[in-house]
Amino acid sequence: MTICVLMCGGRGSRISAHSKISNKITEKPLILLNDKPMIEHILETLINSKKGFRIFAAVSSNTKETEAVIKRKYFKNVTVLKTNGNGYSEDFTSIVDHFLTKSYIREQLKKYPQDNIILENQKHIKEDSKIIFLPTDLPLISTDTIERIVELKHKTPLMSIVIDKKIIVENSFLPTSYTIKIDKKDYCYTGISVLETASFRTQKINLIGNQIEEEPIIFNDSELAYNINTIDDLKRTEEFLLKNKYRK
């Protein structure tokens, strides 16, 4: 079984601050791309996959409107997980703990007893599941790409997907500052990672105070270069869609 977790609890300050509608700041996942919120592009990609992904959306107090949209439009396909929204690392750790120990579920039910679907949805999650973490700012990612990433082999409990920095630059996007050198070449982290829960349990890793061992895996697909973090990124992506008559 493969679980997909959309990380959509961050503030997204770089782009949200410039996306005001009626003097109201739009949450990053809800910023429109081709007249559709960014998060809906990737949600529909996941829902249309034949792999039967179990889909979760990690929200926070930073993204209350995003949570409301998901519950209203995708309640049959997506389970909402609530995080503190204090940063990617802390949210990631709490979500991993959720799937490995189930302590997160008990915490969620105490805070949000009305969301008892959270507990119900865990009954069918197997201990040998894979969890793919996806950012919502890669709206061009396709079902095929997600499925191929999930099938990649890795030696550590966690793998992180990286892309050649040159591909990002060639597509006129500003590379992230989170980079790694592999064979003397610069690669950028995409924000996509995959966790093998079985190997995680086998190694009995304690999450608290420990960094999860990860392996960077190169995946050079231009879909991953269209990472929307600024208004300019959004405009370039819209231009690409218009030029290629590409609709999601």
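A residue counts as buried when its relative accessible area is under 20%. By that cut-off, eight of the 10 residues of helix 2 are buried, so helix 2 is largely enclosed by the rest of the structure. The model is predicted. The buried residues of helix 2 are Met-38, Ile-39, Glu-40, His-41, Ile-42, Leu-43, Thr-45 and Leu-46.

The protein chain holds 10 helices and 12 strands. Of its 248 residues, 50% are buried. The chain exposes about 13000 Å². Carbon and sulfur atoms supply 49% of that area. Among contacts with a separation of 6 or more, 73% join residues 24 or more positions apart.

Nonpolar side chains were examined next. In soluble globular proteins, such side chains tend to be buried together. The largest nonpolar core in this model has 45 residues. Ile-70, Ile-132, Leu-134 and Ile-192 have the most contacts inside it. Helix 2 provides the largest share of this core, five residues. A second, separate core has 16 residues, including Ala-58, Phe-92, Phe-99 and Leu-158.

Leu-134 illustrates the packing in the larger core. Neighbours within four places in sequence are left aside here. Leu-134 then contacts Val-5, Leu-6 and Met-7, among others. Its partners also include Ile-42 and Leu-46, both of which are among the buried residues of helix 2. Ile-141, Ile-146 and Ile-192 are further contacts of Leu-134. Ile-192 is itself one of the residues with the most contacts inside the core.

Charged residues form a second theme. Side chains of opposite charge can pair when their charged atoms come close. The model contains 12 salt bridges. One of them joins the side chains of Glu-40 and Lys-73, with an N to O distance of 2.9 Å. Glu-40 lies in helix 2 (residues 38–47) and Lys-73 in helix 3 (residues 64–73), so the pair ties together parts that are 33 residues apart in sequence. Glu-40 has a relative accessible area of 5% and is therefore buried. Lys-73, at 44% relative accessibility, is partly exposed.

Another salt bridge lies within a helix. Asp-144 pairs with Arg-148, and their closest N and O atoms are 3.0 Å apart. Both residues belong to helix 7 (residues 143–150). They are four residues apart, about one turn of the helix. Asp-144 is partly exposed, with a relative accessible area of 43%. Arg-148 is also partly exposed, with a value of 38%.

Asp-186 forms a salt bridge with Lys-181. The closest N and O atoms of this pair are 2.8 Å apart. Asp-186 is partly exposed, at 29% relative accessibility. Lys-181 is exposed, with a relative accessible area of 58%. Elsewhere, Glu-67, Lys-71 and Lys-82 are linked in a network of salt bridges.

Lys-28 lies in the loop between strand 3 (24–25) and strand 4 (32–33). Its relative accessibility is 11%, so Lys-28 counts as buried. The side chain of Lys-28 makes a polar contact with the side chain of Asp-137, at 2.8 Å.

Aromatic rings were compared last. A pair of aromatic rings is described by the distance of the centres and the angle of the planes. The model has four aromatic pairs. Tyr-88 and Phe-92 form a stacked pair, 6.0 Å centre to centre with 20° between the planes. Both lie in helix 4 (residues 88–101), four residues apart, about one turn of the helix. Tyr-88 is partly exposed, with a relative accessible area of 42%. Phe-92 is buried, with a relative accessible area of 8%.

The pair of Tyr-226 and Phe-240 is tilted. The centres are 4.7 Å apart and the planes meet at 45°. This pair links distant parts of the chain, 14 residues apart. Tyr-226 sits in the loop between strand 12 (214–218) and helix 10 (231–243), and Phe-240 sits in helix 10. Tyr-226 is buried, at 7% relative accessibility. Phe-240 is partly exposed, at 27%.

Ring pairs also link Tyr-88, Phe-92 and Phe-133 into a cluster. Phe-92 thus appears in this cluster and in the second nonpolar core.

Terms used
Residues numbered from 1 in each chain as written. Predicted model: local features only at pLDDT ≥ 70, side-chain atom pairs only at ≥ 80, totals over all residues. Heavy atoms only, no water. Helix = DSSP H or I, 4+ residues; strand = E, 2+ residues; numbered from the N terminus. Buried < 20%, exposed > 50% of the residue type's maximum accessible area, 1.4 Å probe, protein only. Polar contact = N/O pair within 3.5 Å; in protein donor to acceptor, adjacent residues only side chain to side chain. Salt bridge = Lys/Arg side-chain N within 4 Å of Asp/Glu carboxyl O. Core = buried A, V, L, I, M, F, W, Y, C linked by side-chain atoms within 4.5 Å. Contact = heavy atoms within 4.5 Å. Areas by Shrake-Rupley, 256 points an atom, 1.4 Å probe, with all protein chains shown as cover. Phe/Tyr/Trp six-rings, centres within 6.5 Å; stacked < 30°, edge-to-face > 60°.
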